[in-house]
Amino acid sequence: INNEAIAIYKDIIVRYPGSQEAKESVGSMRNIYVETGDIASFENYLKNQSGINFSNAAIDSATYEAAELRFMRGESDLALNDFKAYIQKFPNGFFRLNANYYMAECAMKSNPELALQGYDYVIKQNKNKFSENAMVKAAGITFKSASYQAAANYYEILLANAETPSNILEAKTGLMRCYALLNDYVKAIDFAGKVMISAKVSNELLAESYFTRGKAAADSGMDSLAIGDLIKTSAMSQSEFGAKAHYYLAELYFKRNNYPETEKTIFELADRVPSYDYWIAKGFLLLAKNYHAMGDDFQAKETFKSIIEKCEIPELVKSAQESLNEIEALEKKTNESQIKEETE
């Protein structure tokens, strides 16, 4: 049907050049080509016709409109190619901002690097209707790819420009996570505190912020702050954050030579519901070291052996075996020394 209509419009243009009907026929043809996404054929036709006044700006508009129409229909793969072609053909096009944003939206799953390129272009323009969402998406892409410094940079831009409360909280949360992963303890502690005092913070995010601040404080030697925050985390969260908090709390007690509290905390970790095998196994590894520190090598060796036999996490089995070997080597050396003394 479209081909028949186009043939009729072309015939009118040839028969009545310069007439109002001819002008209307050009407009109708344009709409058909936009609908089908075949702007190239329309442009080629115009180039070969004299007397038709159709500007480059009009081709710009038609090319973008065809791409946007495919995007609105959910034809992401076709729209992605159209937006890329539009950006290449019209480097200073009137719809370049929209084209970059929608190209990025189409590319999010299939080509995150291209999506980031589009979002970054939008972010660098004057503030616009796409700015905040582009900042959120760019930060998310870089965070997911473990480019934490780049993600932190985008979250900083988002925090400076965001107007919606949810995006402001998103920025603070992202910065807390990025700086924790970058081992920037001062900033991690700072942004964890900012998340804590934000409005409408879920209990789980609140627990994560206490854990992040507690762990950063522990890693930077601020034991008192760390112990307080880790106790709060373990009490308020039944997720993995709670289990991790319990483990690192036990580590802090062990570091302070508080062996009874270390043992108590590890057994509490083992009794948590739901349980997390990795953190329980790490806890018992620490418990064995705790027994050794208290001079109870029998319990220490039995605990190490239990981990070696039952644990399915290679790194922890390896650590348990190495620690067991060290104790047994030390015992052997001690026994040899005693025998030597007795025989002299």
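Helices here are DSSP runs of at least four residues, numbered from the N terminus. The model in these close-ups is a predicted one.

**Figure 1. Leu-159 and its neighbours in helix 9.** Welcome to the first stop: Leu-159 sits in helix 9, which covers residues 148-161. Its relative accessible area is 25%, so Leu-159 is partly exposed. Leaving aside residues up to four places away in sequence, Leu-159 touches Ile-168, Ala-171, Lys-172, Leu-175 and Phe-191. Gly-174 is also worth locating in this view: 15 residues separate Leu-159 from Gly-174 in sequence, and their C-alpha atoms are 9.8 Å apart in space.

**Figure 2. Helix 8 and the helices it packs against.** Helix 8 takes in residues 131-144. With 14 residues at 1.5 Å a residue, helix 8 should span 20 Å, and its end C-alpha atoms are indeed 20 Å apart. The buried residues of helix 8 are Ser-131, Glu-132, Ala-134, Met-135, Val-136, Ala-138, Ala-139, Ile-141 and Thr-142. An α-helix has 3.6 residues a turn, so residues three or four places apart point the same way. Packed against the buried residues of helix 8 are helix 6 (96-107), helix 7 (112-123), helix 9 and helix 10. After helix 8 comes Ala-146, with a positive phi near 70 degrees.

**Figure 3. Tyr-119 in the largest nonpolar core.** The largest nonpolar core has 92 residues, and Phe-83 and Tyr-119 are those with the most contacts inside it. Not counting residues up to four places away in sequence, the contacts of Tyr-119 are Tyr-101, Ala-104, Glu-105, Met-108, Ala-134, Lys-137, Ala-138 and Ile-141. Among these partners, Ala-134, Ala-138 and Ile-141 also appear in the buried set of helix 8.

**Figure 4. The largest pocket and its lining.** How much volume does the largest pocket have? The computed value is about 350 Å³. The lining of this pocket has 15 residues, and those closest to the pocket centre are Ala-180, Leu-181, Phe-211, Thr-212 and Lys-215. Helix 10 (165-181), helix 12 (203-219) and helix 14 (240-255) each give two or more residues to the lining. Helix 12 provides the largest share, 6 residues. By residue class, the lining of the largest pocket divides into 8 nonpolar, 2 polar and 5 charged.

**Figure 5. The second largest pocket, beside helix 16 and helix 17.** About 250 Å³ of space lies in this pocket. Its lining includes Asp-277, Ile-280, Ala-281 and Phe-284, along with Glu-302, Thr-303, Ser-306, Ile-307 and Lys-310. Helix 16 and helix 17 (297-310) each supply at least two lining residues, and the largest share, 5 residues, comes from helix 17. The lining of the second largest pocket comprises 6 nonpolar, 2 polar and 4 charged residues.

**Figure 6. Helix 16 along its length.** Helix 16 runs through residues 277-293, 17 residues in total. From first C-alpha to last, helix 16 reaches 24 Å, close to the 24 Å expected at 1.5 Å a residue. The buried residues of helix 16 include Trp-279, Lys-282, Leu-285, Leu-286, Asn-290 and Tyr-291. Ile-280 and Ala-281 are buried too, and both are among the residues lining the second largest pocket. Following helix 16 is Gly-295, whose phi is positive, near 90 degrees.

**Figure 7. Ser-323 in helix 18.** Our last view lands on Ser-323, a residue of helix 18 (residues 314-343). Is Ser-323 buried or exposed? Ser-323 counts as buried because its relative accessibility is 12%, and the cut-off for buried is under 20%. Beyond residues up to four places away in sequence, Ser-323 touches Lys-289 and Phe-304.

Note on methods
Residues are numbered from 1 along each chain as its sequence is written. This is a predicted model: local features need pLDDT of at least 70, side-chain atom pairs count only at pLDDT 80 or more; totals for chains, interfaces and linings use all residues. Side-chain values use heavy atoms; hydrogens and water are left out. Buried means under 20% relative accessible area, exposed over 50%, partly exposed in between (1.4 Å probe, protein chains only). Contact means heavy atoms within 4.5 Å. The expected span of a helix is 1.5 Å times one less than its number of residues. On a 1 Å grid over the protein atoms alone, a cavity is a set of points where a 1.4 Å probe fits but cannot get out, and a pocket is an open set with protein on both sides within 12 Å along at least five of seven lines; lining residues have an atom within 4 Å of a point. Grid points are joined across faces, edges and corners, and a volume is the space filled by probe spheres set on the points. Ala, Val, Leu, Ile, Met, Phe, Trp, Tyr, Cys and Pro count as nonpolar, Asp, Glu, Lys and Arg as charged, and the others, Gly among them, as polar. A nonpolar core is a set of buried Ala, Val, Leu, Ile, Met, Phe, Trp, Tyr and Cys residues joined through side-chain atoms within 4.5 Å.
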